[in-house]
Amino acid sequence: MGGRWIERWEPEDEVFWREEGERIARRNLIFSVLSEHIGFSIWSLWSVMVLFMGPEYGVDPAGKFFLIGTATFVGALIRIPYTFVVARFGGRNWTVFSALLLLLPTGLAFAVMEPGTSYTTFVLVAALTGVGGGNFASSMTNINAFFPLRKKGWALGLNAGGGNIGVPVVQLVGLLVIGTAGAMHPRIVLGVYLPLIVVAAACSALFMDNLAPVRNDTGAAKEAVRSRHTWIMAFLYVGTFGSFIGYSFAFGLVLQTQFGRTPLQAASLTFIGPLLGSLVRPVGGSLADRHGGARITLWTFAAMAAATSVVIYASVIESLAVFLAGFVCLFVLSGLGNGSTFKMIPAIFLAQGHRKGLAGEAAEAYGRRLSGASMGIIGAVGGLGGLGINLAFRQSFQTSGTGTAAFVAFLVFYAACMAVTRAVYLRRPAAVPETAGALTEPEPRPGYAKV
């Protein structure tokens with residue numbers, strides 16, 4: 001129980017929130033974003049390192065896709081335990097530890113990043129960077145507990161969006177290094193991040209807090225696993241966050257492989273999509289606060305399907321300009337969808353509490369328990385979507401030399417996400433049985449929450 005602990009935390013109490021809670025929650029949000037930002041940068045490190053790996057490294061494009069896929073896979077799986085350690089050790093305490101843990105994969109990458117290192121070593125070091133992906137789950141679970149329901153879309157969107165920006169930032173650092181020092185100096189990128197990790201850990205120790213009312217609840221975890229909404233939202237999050245992280249990791253390598261871009265040319269374009277997708281994530285959460293997450297999510301998937309069609313057309317006619325336009329749109333839309341889907345989670349479980357006959361603080365407590373427990377599972381499955389994207393690209397390039405077949409598969413998946421969102425979360429109340437999804441009317445009826 002070491003560290004700074006807050007014993008009383010009642011964010012739904014408007015007086016408490018106005019006089020004390022909001023100030024504390026915003027301070028914790030700021031430094032949570034900083035730590036998660038560095039975590040995302042380390043998680044996506046190999047999307048940059050592969051740009052430095054010229055012919056002298058002896059790794060073909062399929063091998064490079066496998067490296068970034070390995071990092072994606074580990075980062076997705078580790079999100080599940082990271083969800084539950086916040087209540088066991090405290091949000092502030094775990095943020096300090098998880099930030100310092102990033103020194104391990106970064107330091108090892110610094111040691112091995114040179115020609116002549118075995119491919120197995122590269123795979124193992126890439127796997128270790130997955131701990132950066134876990135930071136997202138612990139950070140989101142922690143911030144979810146700090147904010148009232150009416151503010152969760154904005155707060156979770158800002159927290160996740162600030163973390164997501166770690167992807168384009170590390171890619172920009174890689175671009176600066178390639179543009180100034182050349183593609184033979186990947187260790188400069190790693191040298192930049194080693195002190196930044198220490199700074200993030202120190203700030204978390206000095207300025208963040210632990211919430212004593214948040215405790216590990218194995219009953220909530222088991223109930224979240226049994227709830228069909230956990231798995232439905234995980235499926236939708238594969239389409240939003242899975243797309244964002246998968247495309248972020250693969251974008252530069254796709255430009256090199258399909259369009260023959262040099263490392264510098266690829267790096268000069270790679271960061272644009274992830275940056276825009278990260279910046280609009282809070283917008284997706286804010287729109288969901290006002291209009292309902294399910295509606296925003298549905299239209300986002302429709303637009304993603306349209307953008308994917310543009311990318312397929314560009315891939316067939318081999319137009320880099322059209323390809324870039326469609327791909328950047330996919331990043332922006334996936335960012336919006338990230339915000340709207342995560343806003344849906346606490347509202348869905350609050351509505352489930354109402355269906356169980358709970359009201360007031362009891363329903364709100366139930367919603368916080370279940371949404372916090374489900375976020376790790378949903379985030380983990382969503383991260384695995386990024387692995388699926390990289391494996392799809394790997395297979396597509398191996399068999400046909402282009403990514404067209406992979407994009408066709410993504411188009412089909414987005415159509416399925418549209419159908420699920422519409423069927424579960426946008427049907428009229430009269431047509432929805434008691435066990436179905438939360439309602440999505442602009443003005444929810446008593447006993448229901450706007451998703």
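Hi everyone. Let's start with one glycine: if we skip the neighbours within four places in sequence, Gly 372 is in contact with Thr 83, Thr 141 and Asn 144. Before I go on, please keep in mind that this is a predicted model.

So where does this glycine sit? Gly 372 is part of helix α18, and that helix covers residues 360-400. Is Gly 372 buried or exposed? It is buried, with a relative accessible area of 9%. There is also a partner from another part of the chain to point out. Pro 346 is 26 residues away from Gly 372 along the chain, and their C-alpha atoms are separated by 8.0 Å.

One of those contacts, Thr 83, takes us to helix α4. This helix runs over residues 79-89, and its buried residues are Arg 79, Tyr 82, Thr 83, Val 85, Val 86 and Ala 87. What do they pack against? The list is α1, α3, α5, α8, α13 and α18. If you follow the chain just past α4, you meet Gly 90, which has a positive phi of about 100°.

Now for helix α8, which spans residues 131-146. Let me pick out Phe 136, which lies in this helix. Phe 136 is buried, at a relative accessible area of 1%. Which residues does Phe 136 touch, leaving aside those within four places in sequence? They are Glu 36, Phe 40, Arg 79, Ala 160, Tyr 237, Arg 281 and Phe 342. You may recognise Arg 79 as one of the buried residues of α4. And here is a pairing across the sequence: Phe 136 and Gly 376 are 240 residues apart in the chain, yet their C-alpha atoms are 8.9 Å apart in space.

Staying with α8, look at how it sits beside α1. Their axes are 9 Å apart and the packing angle is about 170°. That angle makes α1 roughly antiparallel to α8. On the α1 side, the residues in the contact include Trp 17, Ile 24, Phe 40 and Trp 43, and on the α8 side they include Gly 132, Phe 136, Ile 143 and Phe 146. By class, this contact divides into nine nonpolar, eight polar and one charged.

A second helix pair is α2, residues 45-52, with α3, residues 61-77. Their axes come within 8 Å and cross at roughly 160°. So α2 is roughly antiparallel to α3, and the crossing is right-handed. The residues that meet are Trp 46, Ser 47 and Val 50 from α2, with Lys 64, Leu 67 and Ile 68 from α3. Four of the contact residues are nonpolar, one is polar and one is charged.

The third pair is α9, residues 149-164, with α17. These axes come within 9 Å and cross at roughly 145°, and this crossing is right-handed. Here Leu 149, Lys 152, Gly 153, Leu 156 and Asn 164 in α9 meet Asn 338, Phe 342, Lys 343, Pro 346, Ala 347 and Leu 350 in α17. Phe 342 was also on the list for Phe 136, and Pro 346 was the partner we saw for Gly 372. The contact of α9 with α17 has six nonpolar, three polar and two charged residues.

On to the core. Which members of the largest nonpolar core touch the most other members? Out of 120 residues, they are Trp 46, Tyr 247, Phe 323 and Phe 393. Helix α13, residues 228-259, supplies the largest share, with 16 residues. Take Tyr 247: beyond its sequence neighbours within four places, it contacts Phe 327, Leu 330, Phe 331, Ile 389, Phe 393, Phe 407, Phe 410 and Tyr 414.

Finally, two residues at the surface. Glu 318 sits in the loop between α16 and α17, and it counts as exposed at 63% relative accessibility. Its phi is near 60°, a positive value in a residue other than glycine. For background, most residues other than glycine have a negative phi. The other one is Glu 7, in the loop between β1 and α1, exposed with a relative accessible area of 59%. Leaving out residues up to four places away, Glu 7 touches Ala 212 and Pro 213. Its C-alpha is also separated by 8.8 Å from that of Asn 210, which is 203 residues away along the chain. Thanks for listening!

Note on methods: Residues are numbered from 1 along each chain as its sequence is written. This is a predicted model: local features need pLDDT of at least 70, side-chain atom pairs count only at pLDDT 80 or more; totals for chains, interfaces and linings use all residues. Side-chain values use heavy atoms; hydrogens and water are left out. A nonpolar core is a set of buried Ala, Val, Leu, Ile, Met, Phe, Trp, Tyr and Cys residues joined through side-chain atoms within 4.5 Å. Buried means under 20% relative accessible area, exposed over 50%, partly exposed in between (1.4 Å probe, protein chains only). Helices (H or I, at least four residues) and strands (E, at least two) are DSSP runs, numbered from the N terminus. Contact means heavy atoms within 4.5 Å. Axes are lines fitted to C-alpha atoms, for helices over the stretch in contact, and angles run from 0 to 180 degrees between N-to-C directions. Angles under 35 degrees count as roughly parallel, over 145 as roughly antiparallel, 65 to 115 as roughly perpendicular and the rest as oblique. A crossing is left-handed if the near helix is turned anticlockwise from the far one by less than a right angle, and right-handed if clockwise. Ala, Val, Leu, Ile, Met, Phe, Trp, Tyr, Cys and Pro count as nonpolar, Asp, Glu, Lys and Arg as charged, and the others, Gly among them, as polar.
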